[in-house]
Amino acid sequence: MELREFYIIKRYTYALIPMLVENGYIFTKVIEGHSVFLVKLRPLQIIRDSMQYYGHDWEGAKKAAKSVLGSIHMPPVKISGSLGIYWFPSKSPYAHDCVWFALDHIQDRLAVAPKETKVIFPSGYHVTVPISLKQFNSRKHWALELKTTFEKRTIKESFQWPYIYQGNLPILNDPTTPYQFIDTSKEYNIDDIH
């Protein structure tokens with residue numbers, strides 16, 4: 001299996017799975033599309049490095065998630081909003097056996113025992129984690145809620161400034177757009193209008 005020194009999460013990264021190797025070190029098995037390889041870092045370090053790469057940080061991402069979802073335990077995180085990359089942990093992110101999942105790449109999940117869930121990815125790869133299907137579904141739900149909330153905010157904000165610019169001036173009352181602009185910088189007296 002290929003061994004890498006460093007890794008940044010991409011759109012088609014499916015999961016980060018901790019692997020205990022020689023001398024007690026923990027590396028990460030990465031499932032990326034149809035590829036599987038090892039990285040000489042813990043999953044949480046890959047999460048942190050990826051956030052930093054995309055302009056976020058771990059503490060800020062946790063605070064942002066809790067501001068949206070409330071004080072939930074083990075919140076999901078946004079790795080990159082512009083790329084739509086949201087991830088959630090199987091258990092405490094600080095646990096040595098925590099598996100991280102990409103929200104958008106879970107094809108199916110099945111209860112294989114009362115406290116074991118098999119997660120299946122589009123590539124056919126799968127991983128079994130020691131949590132109940134109910135717990136897994138709950139963590140996936142919170143990640144979806146986080147993503148939906150941030151995307152709604154982004155869409156709402158993008159429609160707050162519907163100007164069309166040509167050079168430095170907005171085109172007012174352009175018949176090709178549904179927007180009409182009114183100059184509110186002056187107050188008018190109805191008697192002054194002829």
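**View 1. Strand 5 and strand 6 form an antiparallel pair**. Let's start with strand 5 (residues 77–80) and strand 6 (residues 85–89), which are joined over three bridges. Strands here are DSSP runs of E with at least two residues, helices are runs of H or I with at least four, and both are numbered from the N terminus. Two strands count as paired if DSSP finds at least two bridges between them. S80 stands opposite I85 in strand 6, while V77 faces W87 in strand 6. The hairpin of strand 5 and strand 6 has four residues between the strands, and G84 takes a positive phi near 70 degrees there. Strands of a sheet pair through backbone hydrogen bonds, either parallel or antiparallel.

This is a predicted model, in which local features need pLDDT of at least 70 and side-chain atom pairs count only at pLDDT 80 or more, while totals for chains, interfaces and linings use all residues. Residues are numbered from 1 along each chain as its sequence is written, and side-chain values use heavy atoms, with hydrogens and water left out.

**View 2. Seven strands make an open sheet with mixed pairing**. Their order across the sheet is 1-4-3-2-7-6-5. Strand 1 (3–4) and strand 5 are the edge strands, as each pairs on one side only. Stepping back to the whole protein, you will find three helices and twelve strands.

**View 3. The rings of Y14 and F121 are stacked**. A search of the whole structure finds ten aromatic pairs. Rings of Phe, Tyr and Trp (its six-membered ring) pair if their centres lie within 6.5 Å; planes under 30 degrees apart count as stacked, over 60 as edge-to-face and the rest as tilted. Y14 and F121 are stacked because their ring centres are 5.7 Å apart and their planes meet at 25 degrees. This pair links distant parts of the chain: Y14 sits in strand 2 (residues 13–20) and F121 in the loop between strand 9 (116–120) and strand 10 (126–129), 107 residues apart. Y14 is buried, with a relative accessible area of 7%, and F121 is buried at 0%. Buried means under 20% relative accessible area, exposed over 50%, and partly exposed in between (1.4 Å probe, protein chains only).

**View 4. F88 and F136 meet edge-to-face**. Their ring centres are 5.4 Å apart, with 65 degrees between the planes. Here too the pair links distant parts of the chain, with F88 in strand 6 and F136 in helix 3 (residues 133–158), 48 residues apart. F88 counts as buried at 1% relative accessibility, and F136 is buried with a relative accessible area of 0%. Not counting residues up to four places away in sequence, F136 touches F88, F101, I106, R109, T117, V119 and I131; contact means heavy atoms within 4.5 Å. The C-alpha atoms of F136 and A111 are separated by 9.8 Å, with their positions 25 residues apart along the chain. To place these rings in a wider setting, ring pairs link Y14, F88, F101, F121 and F136 into a cluster.

**View 5. D49 in helix 1 is buried and has no salt bridge**. A salt bridge is a side-chain nitrogen of Lys or Arg within 4 Å of a carboxyl oxygen of Asp or Glu. Lys and Arg count as positive and Asp and Glu as negative, while His and the chain ends are not counted. For D49, the nearest side chain of opposite charge is R48, 7.7 Å away. D49 touches F6, I8 and L41, not counting residues up to four places away in sequence. The buried residues of helix 1 (residues 43–53) are P43, L44, I46, I47, D49, S50 and M51. Just after helix 1, G55 takes a positive phi of about 95 degrees.

**View 6. S35 lies in strand 4 and touches Y125**. S35, in strand 4 (residues 35–39), counts as partly exposed at 35% relative accessibility. Besides Y125, S35 touches V30, not counting residues up to four places away in sequence. The C-alpha atoms of S35 and Y125 are separated by 9.5 Å, and the two residues are 90 apart along the chain. For the protein as a whole, buried residues make up 38% of the 194 residues.
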